[in-house]
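Student: I should like to study one protein model with you, step by step. May we begin with how its strands are arranged?

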Amino acid sequence: MGIVAGGGQIICTVVAHGVLALVRKRGEETLVGLFNFTEYPAGASLDALGGEYHTPEGTSVWLADVELEPYQALLVKTNK
């Protein structure tokens, strides 16, 4: 599902049981939010997005293999 808002595109999808991904593309920048809504650790694979992503703290994240703790949210973006 894609929604165009404010000049960018927002994509919302379930990537694994209980894991929601929100992806916002605007120009060269991509913002990704991953949310684990379960009481168990859950993995997500978003390798189709490609690129180099970082948390707000600057930690590098490889989206091809993300492991989320129970109820964890993860926000990453490209540095462009």
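Student: In which sense do E3 and E4 pair, and over how many bridges?

Tutor: This is a predicted model, in which local features need pLDDT of at least 70 and side-chain atom pairs count only at pLDDT 80 or more, while totals for chains, interfaces and linings use all residues. Residues are numbered from 1 along each chain as its sequence is written, and side-chain values use heavy atoms, with hydrogens and water left out. Strands (E, at least two residues) and helices (H or I, at least four) are DSSP runs numbered from the N terminus, and two strands pair if DSSP finds at least two bridges between them. E3 and E4 pair in the antiparallel sense, over 8 bridges.

Student: Which residue in the turn of the E3–E4 hairpin has a positive phi?

Tutor: In E4, Thr30 is the bridge partner of Lys25. The two strands, E3 and E4, form a hairpin with 2 residues between them. The turn residue whose phi is positive, at about 65 degrees, is Gly27.

Student: How many helices and strands does the protein have?

Tutor: Along the sequence, the pattern reads β-β-β-β-β-β-β-β-β. The totals are therefore 0 helices and 9 strands.

Student: Which residue in E9 is the bridge partner of both Leu31 and His54?

Tutor: E4 and E9 run antiparallel and are joined by 5 bridges; one of the partnerships is that of Gly33 with Leu75 in E9. Strand E6 (residues 53–54) also runs antiparallel to E9, with 2 bridges. For Leu31, the partner in E9 is Lys77. For His54, the partner in E9 is likewise Lys77.

Student: Which residues form the covered face of E9?

Tutor: In a regular strand the side chains alternate between the two faces of the sheet. The uncovered face of E9 consists of Ala73, Leu75 and Lys77. The covered face consists of Leu74, Val76 and Thr78.

Student: Which strand supplies the largest share of the largest nonpolar core?

Tutor: A nonpolar core is a set of buried Ala, Val, Leu, Ile, Met, Phe, Trp, Tyr and Cys residues joined through side-chain atoms within 4.5 Å. The largest one has 15 residues, and those with the most contacts inside it are Val32, Leu34, Leu63, Val66, Leu74 and Val76. Strand E3 (19–26), E4, strand E5 (42–44), strand E8 (66–68) and strand E9 (73–78) each supply at least two residues of this core. The largest share, 3 residues, comes from E3.

Student: Is Leu34 buried or exposed?

Tutor: Leu34 lies in strand E4, and its contacts (heavy atoms within 4.5 Å) beyond four places in sequence include Val15, Leu20, Leu46 and Leu74. Its C-alpha is 8.6 Å from that of Val76, although the two are 42 residues apart in sequence. Buried means under 20% relative accessible area, exposed over 50%, and partly exposed in between (1.4 Å probe, protein chains only). Because its relative accessible area is 1%, Leu34 is buried.

Student: Which backbone oxygen does the side chain of Asn36 reach?

Tutor: Asn36 lies in strand E4 (residues 29–36) and counts as buried because its relative accessibility is 2%. A polar contact is a pair of N or O atoms within 3.5 Å; within protein, one must be able to donate a hydrogen and the other to accept it, and residues adjacent in sequence count only if both atoms are side-chain atoms. One such contact, of 2.7 Å, joins the side chains of Asn36 and Thr38. At 2.9 Å, the side chain of Asn36 also reaches the backbone oxygen of Tyr40.

Student: Is Tyr71 buried or exposed?

Tutor: Tyr71 is placed in the loop between E8 and E9. Most residues other than glycine have a negative phi, and most peptide bonds are trans. Phi of Tyr71, however, is positive, near 60 degrees. With a relative accessible area of 57%, Tyr71 is exposed.

Student: What percentage of the 80 residues in the protein is buried?

Tutor: Phe37, with a relative accessible area of 56%, is exposed, whereas Phe35, at 27%, counts as partly exposed. Across the protein's 80 residues, the buried share is 30%.
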